[in-house]
Amino acid sequence: MKKDPKSIKFHYEKLGCDATTLRHSLSNRLTYTVGKDPITATKRDWFHAVAYMVRDRLAERWMETMRGYYRDDAKRIYYFSLEFLVGRMLVNSLSNLGFHEECQKLMDELGLDLDELREVEQDAALGNGGLGRLAACFLDSMATLGLHGYGYGIRYEYGMFNQRIVNGEQVEHPDNWLRYGNPWEFSRPEVIYPVKFFGKVVEYNDDTGDNRHHWVDTEEVMAMAFDTPVPGYGNDVVNNLRLWTAKATRDFELRYFNEGNYLKAVEDKNESENLSKVLYPDDSTQMGRELRLKQQFFFVSASLQDILHRFGRYHTDFDTLPDKVAIQLNDTHPSVAIPELMRLLMDVHHVPWDKAWGITQRVFSYTNHTLMPEALETWPVSLFERILPRHMQIIYEINARFLRDVMHQNPGDGDILRRMSIINEDGQRHLRMAHLAIVGSHKVNGVSQIHTELMKRSIFRDFDRYFPGRIINITNGVTPRLWLKQANPHFSALISSRIGEDWVSDLNQLRHLVPLAEDAEFRNGFMTAKLANKKRLAGLIQDRLGLAVDPDSLFDVQIKRIHEYKRQLLNVLHIVTRYNRIRQGLGELTPRTVIFGGKAAPGYVMAKRIIRLINDVADIVNNDPAVNHVLKVAFIPNYDVSTALDIIPAADLSEQISTAGTEASGTGNMKLAMNGALTIGTLDGANIEILEAVGEDNMFIFGLDASQVEQCRHDYNPMEFYHANAELKTTLDMISSGFFSPEEHHRYQPLVHSLLHQGDPYFILADYASYISAQESVDRHYRDRDSWARKAILNVAHMGNFSSDRTIMQYAEKIWQLNGQ
């Protein structure tokens, strides 16, 4: 009689992390996994061998963690996100597992350079900006806190794009990050689920007379899983990030091939597998919109099938699903999961509507990341109905029942029904995905205090009144393991030498740095570490751009997605103003290097024009001998996690200058302050909470606040500011007249026209004078380096509340209801 494989017990002998065992493991991986010997091994071969050696140690902890989760049968947290910007994994894994130093010693013994091997690793192209990096921080914190956390997303083959700058312009190239393989992932060809599209819905009564729906005549794509281990810090917990790749149900049509029609033979395969090719396909065309919707449904359908399969292995009663499963929707992209869970419960498992809806609401919670109505995701009903006909039926029913309840509480008020409806009936009918997410979740959270208050007062005011207590605030945070310990090893070592290493997993310990701000030796140590980081970044800028910058100058940094509301343009106006003052010999200006980084969406014309303006201004400034000894401008292309780790520790000044009321939170502000950069910023997003933590004396605040912005909207006249401020007028005239684009004088006329004659929607001109004044204050304070260092250390000391560990603990308590788990 055959033995049940599930009953087999293996004895796991934990792999050691001492130098001898690591050397033996590395030899095995190079020989048996990479298939090379030291004589022929390239640097990439050595990187893969080291990565596999580390992965072995991740895997054994991973298996033990998963076995423990099944034994505990505790509630599991599933984080649904279209983006996971995990960055490079080698050094992070070594650090979290606790044998970075041992590995470093082994590399030294072998004549290898761990830093060089780290540079071989490509950033995983699984995201674009703050949304994806936040998701990665949350996975790190869940593992570090020992929570039963999982990430679900898409394994993009090409990510978004690789950004190159050609003649000052952004040019997009495919980001083929998987070209050389990914040593961290495990393919799971046995974990595969069908995902359906199109077709029609057949309604019938079953043998018991119950009404049923059957989705038929569909097109199918298979979702196959790839798993990536996510290690916690210092606790041997390793959680899982499961990403889906699209596979065709039929790879190859031999009939077409034999007829000589080779393209037709693989047509179905290519079309199906497009779903996981690229992050955020351009949705300016009908085909692009269709692909984007299918992409979103693809990953949530596969993920929900996987979750229900896992739940069903040990449970049969769906009433207990909310006790065992919590799903967090990271923005509206995964909100189609709500009708999909309803479909699976009702159509597949025959759970009645009322019970299914109660389960669904208790399982889901939703994080909102934007206040701007134009950024809230909507879908044309006609498109949605064609691609997902059964889900459209379910949404119609959800909406009808919801509006009936709203009407009972607001009899005779047709306007509130129109405002709260999941379907916008104005003009072409659209689905409001944020409304669906709010109605289908038990909790909705904003990501900073001001963002949440504005949600309640503006775009979701009706929902806050109807669902009192459903909308709450949980301010974002970042992981200190990556963004301080790994990013800034010199400064981290200095901190640990004075207050110990507990701060790495308890960031509130940084408060013990407050008295050290008055310690001259500690301030000198901080300035020494900062200068070393600046020299390193200066070398990187020289290598990438051929531009020599002075590490003793103030490094003024704005690194984020290029968007009008983030106001890189306001920064440029200051650069031009500063350029003019230097040429005219006005005032005492501190030498400064202004550093930009960020990508513009391929179809975002104005954002791409701003990138070109930055580079055109840089070309003039950097080559003007009257100026370039005290002012340089650098746009570092292809901004990603690894580039951020190079820039952030070197920053002196952090530009957080979005229009008040537009940035939900921001996390770059936290990372930069955590590394000792002082913030110049508006009262927007998490800037407000950083201000409360560090104090007015240690930040440079300027500009209109959110309430003043709203008041100005009604009678704002940008031309008044243009005519009232001579420096502003000169600056705009230079840009508009072609001073920075002599080969094409009219290049920036549309940009200036949008400011002067199209309402300046982000109040750049209104905030200009206040911004320039704040920059003058920066110059004055930076001249006293010792005082600046004191302020920087106090910024670091008060960053304890901005750890993603605190954020996740609040999610666990307020939303996921883990009850001390």
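# A tour from the core outwards

Of the 270 residues in the largest nonpolar core, F80, F298 and W816 touch the most other members. Select these three to begin, bearing in mind that the model is predicted. Then add helix α2, which gives this core its largest share, 12 residues.

**Stop 1: F298.** Keep F298 and show its neighbours. Leaving aside residues up to four places away in sequence, F298 touches I154, V195, F197, V221, M222, A223, W244, T245, A246 and L275. One of these, I154, leads to the next stop.

**Stop 2: strand β2.** Select residues 149-154, which form strand β2. Six of the six residues are buried, so the strand is largely enclosed by the rest of the structure. Which residues lie on each side of β2? G149, G151 and G153 are on one side, while Y150, Y152 and I154 are on the other, and both faces are covered.

Now bring in the strands that pair with β2:

- Strand β1, residues 76-80, pairs with β2 in the parallel sense over four bridges. To find the pairing in the viewer, select I77, whose bridge partner in β2 is G149.
- Strand β9, residues 238-248, also runs parallel to β2, and five bridges join the two. Here, select Y150 of β2 and its bridge partner in β9, N240.

**Stop 3: helix α3.** Move to residues 90-97, helix α3. Eight of the eight residues are buried, so this helix too is largely enclosed by the rest of the structure. The buried set is L90, V91, N92, S93, L94, S95, N96 and L97. What do the buried residues of α3 pack against? Colour α2 (43-72), α4 (100-110), α5 (114-120), α6 (130-144), β8 (219-231) and α20 (480-486) to see the elements they pack against. After α3 comes G98, with a positive phi near 90 degrees.

**Stop 4: helices α24 and α31.** Finally, select residues 605-622 for α24 and 749-757 for α31. The two axes come within 10 Å and cross at roughly 115 degrees. This crossing is left-handed. Show side chains for the residues that make the contact: M606, R609, I610 and L613 on α24, with P750, L751 and S754 on α31. How do the residues of this contact divide by type? Five are nonpolar, one is polar and one is charged. The spacing on a helix can be read with one rule in mind: an α-helix has 3.6 residues a turn, so residues three or four places apart point the same way.

How values were computed
Residues numbered from 1 in each chain as written. Predicted model: local features only at pLDDT ≥ 70, side-chain atom pairs only at ≥ 80, totals over all residues. Heavy atoms only, no water. Axes fitted to C-alpha atoms, helices over the stretch in contact; angles between N-to-C directions. Left-handed = near helix turned anticlockwise from the far one by under 90°. Contact = heavy atoms within 4.5 Å. Nonpolar A, V, L, I, M, F, W, Y, C, P; charged D, E, K, R; others polar. Buried < 20%, exposed > 50% of the residue type's maximum accessible area, 1.4 Å probe, protein only. Pairing = 2+ DSSP bridges. Core = buried A, V, L, I, M, F, W, Y, C linked by side-chain atoms within 4.5 Å.
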